[in-house]
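Subject: Structure handover

Dear colleague,

Please find below the structure I promised to pass on, followed by my notes on what turned up in it. I have kept to the points that you can follow directly in the model.

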Amino acid sequence: MKSIINVTKATIFSLALSTTLFAEPNLPLPIQDAVKMEKLAGPAGPFVAKENFPKDYFLVTKNLPYLVGMTLYDSSSSNLELSQDQIDAILKIKKELMSEAAKKALIIKKLELELMQKVSFKHKSPKVSEFYPMVDEIAKLRAELTKIHLDCIEKVKAVLTEEQFEEMLDYGVVNMF
């Protein structure tokens, strides 16, 4: 009995491994999009080692999925077996919302760099409380940008079937436990 269980476990593991090994992304990574975003964003601030634009400007920069990437560019995304209509719908969502997100992120970045200039490079600067309204504005804009991200999540989920969504979670959730 124990050997049957071990053979079954090995078979399941082998099947899972083989589907992962042979899976491919639905689309190649759009390097030109990353280059375009990098150019649009301009140089990072002097206290930033590496900027991930526009993601670094969301209010919630971690812990929310990036479903466009997971459905189109993840190395296992072909497991979803998306139709061409679904791929086209997700690309349309990406195009629409990325433009909106980039514009909002640029405004946030400019405000943050302005704040940094006013606070960081002079030993004697105005009282920090004078900058609180600017911080509040940045927080409001970051919340708006995160809402764009949430809209993207909702729209991409609407394109997927329940089975496709579950499959995506199977390969997309990292370090969940």
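In which loop does Asn-63 lie? Asn-63 sits in the loop between H2 and H3, and I start there since several of the findings come back to that stretch. Please keep in mind throughout that this is a predicted model.

The overall picture

The protein has 6 helices and 0 strands, so that, in the usual notation, the order of elements from the N terminus is α-α-α-α-α-α. Of its 177 residues, 29% count as buried, and the accessible surface comes to about 12,300 Å², with 61% of that surface belonging to carbon and sulfur atoms. Among the contacts with a separation of 6 or more, 78% are between residues that are 24 or more positions apart.

The loop between H2 and H3

Two backbone features are found in this loop, and a third lies in the loop that follows H3. As background, most residues other than glycine have a negative phi, and most peptide bonds are trans. Against that, the peptide bond from Phe-53 to Pro-54 is cis, with omega near 5°, and Pro-54 belongs to the loop between H2 and H3. Asn-63, in that loop as well, has a positive phi near 70°, and with a relative accessibility of 79% Asn-63 counts as exposed. Glu-81, which is not a glycine either, has a positive phi of about 50°; Glu-81 is found in the loop between H3 and H4 and, at 67% relative accessibility, is likewise exposed.

Salt bridges

The count of salt bridges comes to 8, and three of them deserve a closer look in the viewer. In one, the side chains of Lys-109 and Glu-51 meet at 2.9 Å, N to O; this pair links distant parts of the chain, with Lys-109 in helix H4 (residues 84-120) and Glu-51 in the loop between helix H2 (31-41) and helix H3 (67-72), 58 residues apart. Are the two partners buried or exposed? Lys-109 is buried because its relative accessible area, 3%, falls under the cut-off of 20%, and Glu-51 is buried by that rule too, with a relative accessible area of 14%.

Another salt bridge joins the side chains of Glu-96 and Lys-155 at 3.0 Å, N to O, and it ties helix H4, which holds Glu-96, to helix H5 (residues 132-159), which holds Lys-155, across 59 residues. Here Glu-96 counts as partly exposed at 41% relative accessibility, and Lys-155 counts as partly exposed at 35%.

Lys-104 and Glu-144 also meet through their side chains, at 2.7 Å, N to O, with Lys-104 in helix H4 and Glu-144 in helix H5, 40 residues apart. Glu-144 is partly exposed, with a relative accessible area of 26%, and the pair belongs to a network of salt bridges that links Lys-104, Glu-137, Lys-140 and Glu-144.

Pockets

The largest pocket has a volume of about 1,100 Å³. Of the 38 residues that line it, the closest to its centre are Met-37, Phe-53, Pro-54, Lys-55 and Met-98, and both residues of the cis peptide bond, Phe-53 and Pro-54, are therefore among them. H2, H3, H4 and H5 are the elements that give two or more residues to this lining, which by class has 25 nonpolar, 5 polar and 8 charged residues.

The second largest pocket holds about 270 Å³ of space. Its lining includes Asn-63, the residue with the positive phi near 70°, together with others such as Tyr-66, Met-70, Ile-153, Lys-157 and Phe-165. H3, H5 and helix H6 (162-172) each supply at least two residues of this lining, and H6 gives the most, with 3 residues. By class, the lining of the second largest pocket has 9 nonpolar, 2 polar and 1 charged residues.

With best regards

How values were computed. Residues numbered from 1 in each chain as written. Predicted model: local features only at pLDDT ≥ 70, side-chain atom pairs only at ≥ 80, totals over all residues. Heavy atoms only, no water. Helix = DSSP H or I, 4+ residues; strand = E, 2+ residues; numbered from the N terminus. Buried < 20%, exposed > 50% of the residue type's maximum accessible area, 1.4 Å probe, protein only. Contact = heavy atoms within 4.5 Å. Areas by Shrake-Rupley, 256 points an atom, 1.4 Å probe, with all protein chains shown as cover. Salt bridge = Lys/Arg side-chain N within 4 Å of Asp/Glu carboxyl O. 1 Å grid on protein atoms, 1.4 Å probe; cavity = no way out; pocket = protein on both sides within 12 Å on 5 of 7 lines; lining within 4 Å. Points joined across faces, edges and corners; volume = space filled by probe spheres on them. Nonpolar A, V, L, I, M, F, W, Y, C, P; charged D, E, K, R; others polar.
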